[in-house]
Amino acid sequence: MKASTKKRILIPLFALSVFVVGTGFVKSDFFEIAKQIEIFTTLFKELNMNYVDETNPAELMDTAIKNMLDDLDPYTKFLNEQDVETYRINNAGEYSGIGALVRSFDDKLLIVEPYKGYPADKAGLKAGDEILKIGDIDVAKFHDNASELLKGANDTSVEVTFNRQGETKTAVITRGAVEVDAVPYYKMINDKTGYIVLAKFNAKASSQTESALEDLKAKGAEKIILDLRSNPGGLLSEAINVTNLFVEKGELIVTTKSKVKKFNREYRTKNQPVDTEIPLVVLVNGSSASASEIVSGGLQDLDRAVIMGARSFGKGLVQRPLKLTYGTQLKVTISRYYTPSGRCIQSLDYWNRDEDGNAVKKTKFNDFTTRNGRKVQDGGGVLPDVEITSAKANELTIALLNNHIIFDYATDYYYNHSVANMEDFTFSEADYQDFKNYVSKSDFSFETKTEKTLKAAMTDREEVIFNPTIESDFVALLQDIEQSKIAALEDYKKEIKSKLEDEIVKRYFYREGLYDYYLNNDEAITSATELLANENDYFNILK
């Protein structure tokens with residue numbers, strides 16, 4: 001038998017393991033599952049053996065698996081050996097590489113944020129640098145994830161060719177150990193209020209939060225602000241342990257419910273707390289998800305903290321990695337989780353989709369009560385007890401971020417403005433007008449729901465009543481909407497300006513400088529500090 005034929009036959013056997021390993025199903029399902037596996041296996045073998053051109057079985061299988069999982073939720077994913085290692089690194093918080101956040105494009109890698117004092121920073125790379133070559137490898141011609149080429153053993157070197165503001169440069173980066181702190185920053189805001197940033201729930205989350213809390217208390221902190229904004233989540237166990245720092249041992253924090261009986265569990269705090277009395281404000285926003293929502297939702301339900309900011313993301317699903325063959329894994333959604341009051345804060349219904357195939361967002365919420373009898377709701381993330389307007393996401397701001405307009409403007413700003421000290425930085429009205437001009441001259445565009453509806457109506461129009469006059473009115477209305485988008489830059493100035501300041505400050509003073517800037521300029525932190533200074537207002541919210 002030819003080697004290529006052997007390879008083709010091994011792949012279907014791997015497919016069988018993908019479907020069978022870790023699966024829990026009742027006997028009535030067994031025949032249907034076995035039948036579909038047999039159909040797929042025979043199809044895959046015949047396709048690879050008989051197709052007119054040479055096929056790549058691994059790529060075909062990868063496509064098949066990804067398309068199958070796309071019909072479920074975005075968190076259920078197949079992890080190849082490389083993905084498994086990345087997953088492990090994210091949870092451990094340690095790896096060897098260049099020490100920078102990198103975004104991958106088809107023809108380049110973009111340095112989004114070099115970490116202060118790490119290899120990329122020492123080599124002189126800046127946010128906005130576009131990496132074109134890694135060693136002799138052209139990124140545009142490399143079909144796999146080129147960012148993996150930047151990783152490597154400590155003290156090994158890699159040369160990169162990059163574009164900066166239209167000029168091609170080279171740099172040699174000596175890789176090193178990179179530690180990803182769960183708590184990248186904590187500090188006293190004033191003589192009685194401590195501030196802790198918890199950025200992710202990796203294996204260090206609870207220990208670093210505890211260490212920060214103890215240190216701030218030793219410095220005189222009598223009140224704490226815990227910042228979970230833009231924390232995407234992570235380990236469930238760490239979320240429970242962080243909550244445990246502020247609540248008694250034995251408290252129910254999370255209940256998980258699944259069709260597989262062994263995944264139905266109650267998670268309670270197991271350790272002695274650090275402080276169950278200290279007044280606590282937790283900050284969240286639309287990018288606070290998963291484990292962040294377990295902490296904020298649990299503390300809210302137990303009336304242990306005041307939640308401030310904007311409604312959180314709304315991820316009430318739990319994933320678990322299940323081992324497959326050849327070092328691969330299936331990260332699969334195994335259950336929904338419920339906060340102490342019994343609510344599931346899952347926002348999107350991936351099992352009921354609209355006509356475009358998008359998950360339906362829940363609009364009807366059920367009421368629950370906290371320990372003190374306050375009303376809270378399910379189905380739409382954690383709604384703060386105190387909402388901060390500037391923390392709320394809106395369609396325009398999200399589009400500006402997703403299209404990298406704010407990032408690109410910050411890059412240009414950095415190379416055209418000299419800022420030596422934090423105190424010297426002010427994003428003025430003139431600067432904002434310059435940003436508006438930048439947007440109007442860029443290729444930025446986003447389609448509103450109204451535009452989609454109008455364009456659909458023009459496409460599916462009824463000829464009997466859709467005369468040229470009506471069509472002209474439709475076109476005029478679409479043009480008016482386009483103009484209103486530019487005007488909306490003024491309507492949402494406060495929110496957009498905040499995002500611009502965040503990105504620009506990081507360019508000059510790194511992320512540590514951004515947190516320093518927040519202490520005096522962030523509306524949510526200022527509001528939280530003021531609330532904690534007024535004990536009557538604080539405790540009245542929790543009653």
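In the predicted model, Arg-336 is positioned over the face of Trp-351, 5.0 Å from the ring centre. A second arrangement of this kind involves Arg-103, which lies over the face of Phe-407 at 5.6 Å from the ring centre.

Contacts between aromatic rings were examined next. A search of the whole structure yields 18 aromatic pairs. One of them joins Tyr-185 and Tyr-515, whose ring centres are 5.2 Å apart; the planes meet at 40°, so this pair is tilted, given that the tilted class covers angles that are neither under 30 degrees nor over 60. Tyr-185 belongs to strand β10 (residues 185-188) and Tyr-515 to helix α14 (residues 493-521), so the pair ties together parts that are 330 residues apart in sequence. Tyr-185 and Tyr-515 are both buried.

The pair formed by Tyr-409 and Phe-427 has a centre separation of 6.4 Å and planes at 85°, and is therefore edge-to-face. Tyr-409 is located in helix α10 (residues 405-416), whereas Phe-427 is found in the loop between α10 and α11 (429-441); the pair thus links distant parts of the chain, 18 residues apart. Tyr-409 counts as buried because its relative accessibility is 3%, and Phe-427 likewise counts as buried because its relative accessibility is 2%, the criterion being a value under 20%.

Tyr-409 and Phe-427 are also members of one aromatic cluster, together with Tyr-413, Phe-425, Tyr-432, Phe-435, Tyr-438 and Tyr-517.

Definitions and conventions
Residues numbered from 1 in each chain as written. Predicted model: local features only at pLDDT ≥ 70, side-chain atom pairs only at ≥ 80, totals over all residues. Heavy atoms only, no water. Phe/Tyr/Trp six-rings, centres within 6.5 Å; stacked < 30°, edge-to-face > 60°. Helix = DSSP H or I, 4+ residues; strand = E, 2+ residues; numbered from the N terminus. Buried < 20%, exposed > 50% of the residue type's maximum accessible area, 1.4 Å probe, protein only. Lys NZ or Arg CZ within 6 Å of the ring centre and 35° of its normal.
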